[in-house]
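Got the viewer open? Here's a short tour, stop by stop, with something to select at each one.

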Amino acid sequence: MRVVVATGNAGKVREIAEALSELGWQLEGLNGLTLPEETGTTYEENAALKACAAALAKGLPALADDSGLEVAALDGQPGVYSARFGNRPNDTERNLYLLEKMRGVQDRRAKFVSVVMLAYPDGHVETYRGELTGTLLEGPRGENGFGYDPLFVPDGETRTLAEMTVAEKRTISHRGRALAALLATHRNGPPPRETVRTE
Ligand code: IMP
C-alpha cells in the first residue's frame, strides 16, 4: 500500500518508517505539498487536519502524528503548542526556553503524548494514541532524537530519549506505542472500519 507521511519533521519520519517497516508499505513524502496550519486545540484535531489534507490532495491514505510535551508544573503546557513554545524558532531554543521556565522548580514530571492518524481519501480515519511519562533534567544530554528528547528521562530509565537509538526509543515512546497499535491492527491486512485504538 502507498501511504503518504504527512509531516515535515525528519525525526518523526525516521521513527514512523522504522516502526512500520514490517508492513512493507511504500511510504511517500509530501513532495512539495504544504500542510494546513495547525489551528486545532487538541492533538486529534491537528492530526486530522494534516492527515486528511494530505489524503485528499494525494488521493492516497496518509499518516500524520500530532504530539507534544505536557509539563505538570506548567499546567500541561506546552502540549499541542510544543512545536512553537515561547515562539522560539528551533529545538535548541525551545529547550532553553523550557529550562528557563523550569529553573528552580522541584516538580519535574512531564508526559509526552502522540496521536497518530491514518486518513483515507474517502474521509475514513483510524486514530491511535500513546503516552510516555518521565522527568525533565536541568540540562540537555544526548545527541539523538529531536525536540525535547535531550531533556526527558522516561520513568524507569536513567538515559534521556536523546541518548537512545531510534529502535530503543521506539520500544517505549509515546509515538512508538501509538505506531505499535497501528502495526498490530494492520499486520494481517486492512482492518474493518471503525477501528480506534487507544494505548
Ligand atoms: P507537531 O509537529 O505539531 O506534532 O509538534 C510536535 C512537537 O512536540 C515537536 O516539535 C517537539 O517539540 C515535541 N515532540 C513531540 N514528540 C516528541 C518526541 O518524540 N521527542 C521530543 N519532542 C517531541
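## First stop: the cavity

Start by selecting Glu15, Val166, Lys169, Arg170, Ser173, Arg175, Gly176 and Leu179, which line the largest cavity. Helix H4 (166–172) and helix H5 each give two or more residues to that lining, so colour both of them before moving on. Keep in mind throughout that you're looking at a predicted model.

How big is the space in there? The largest cavity has a volume of about 30 Å³, and the structure holds one cavity of 30 Å³ or more. Colour the lining by class and you'll get two nonpolar, two polar and four charged residues.

## Second stop: the ligand

Now select the ligand and show what surrounds it. There are 17 residues around the ligand, and the ones that come nearest are Lys12, Glu38, Asp149, Lys169 and Arg175. Two of those names should ring a bell: Lys169 and Arg175 also turn up in the lining of the largest cavity.

Three distances are worth drawing:

- From a ligand nitrogen to a side-chain N or O atom of arginine 175: 2.7 Å.
- From a ligand oxygen to a side-chain N or O atom of glutamate 38: 2.8 Å.
- From a ligand oxygen to a polar backbone atom of serine 67: 3.0 Å.

With those on screen, switch on a surface. On its own the ligand has 490 Å² of accessible area, and the protein covers 95% of it.

Which elements should you highlight around the ligand? Strand E3 (62–71) and helix H5 (174–186) each supply at least two residues of the shell. E3 gives the most, with four residues. By class, the shell has eight charged, five polar and four nonpolar residues.

## Third stop: the pocket

Zoom out a little from the ligand, keeping it displayed, because the next selection takes in its surroundings: the ligand sits in the largest pocket. That pocket has a volume of about 580 Å³.

Which residues lie nearest the centre of the largest pocket? Select Asn9, Lys12, Ser67, Ser82 and Ala83, which are among the 29 residues that line it. Lys12 was also on the list of residues nearest the ligand, and Ser67 is the residue whose backbone you drew a distance to.

Next, add helix H3 (91–101) to your highlighted elements. H3, E3 and H5 each supply at least two residues of the pocket lining. E3 gives the most here, with five residues. Recolour by class and the lining splits into 12 charged, nine nonpolar and eight polar residues.

## Last stop: two backbone details

Follow the chain into the loop between E3 and H3, where you'll find proline 78. Select glutamine 77 along with proline 78 and look at the peptide bond that joins them: it is cis, with omega at about 0 degrees.

Then jump to the loop between strand E2 (26–28) and helix H2 (43–58) and select asparagine 31. What is phi there? Near 45 degrees, a positive value in a residue other than glycine.

Definitions and conventions
Residues numbered from 1 in each chain as written. Predicted model: local features only at pLDDT ≥ 70, side-chain atom pairs only at ≥ 80, totals over all residues. Heavy atoms only, no water. Near = heavy atom within 4 Å. Polar contact = N/O pair within 3.5 Å; in protein donor to acceptor, adjacent residues only side chain to side chain. Areas by Shrake-Rupley, 256 points an atom, 1.4 Å probe, with all protein chains shown as cover. 1 Å grid on protein atoms, 1.4 Å probe; cavity = no way out; pocket = protein on both sides within 12 Å on 5 of 7 lines; lining within 4 Å. Sits in = over half its atoms within 2 Å of the grid points. Nonpolar A, V, L, I, M, F, W, Y, C, P; charged D, E, K, R; others polar. Points joined across faces, edges and corners; volume = space filled by probe spheres on them.
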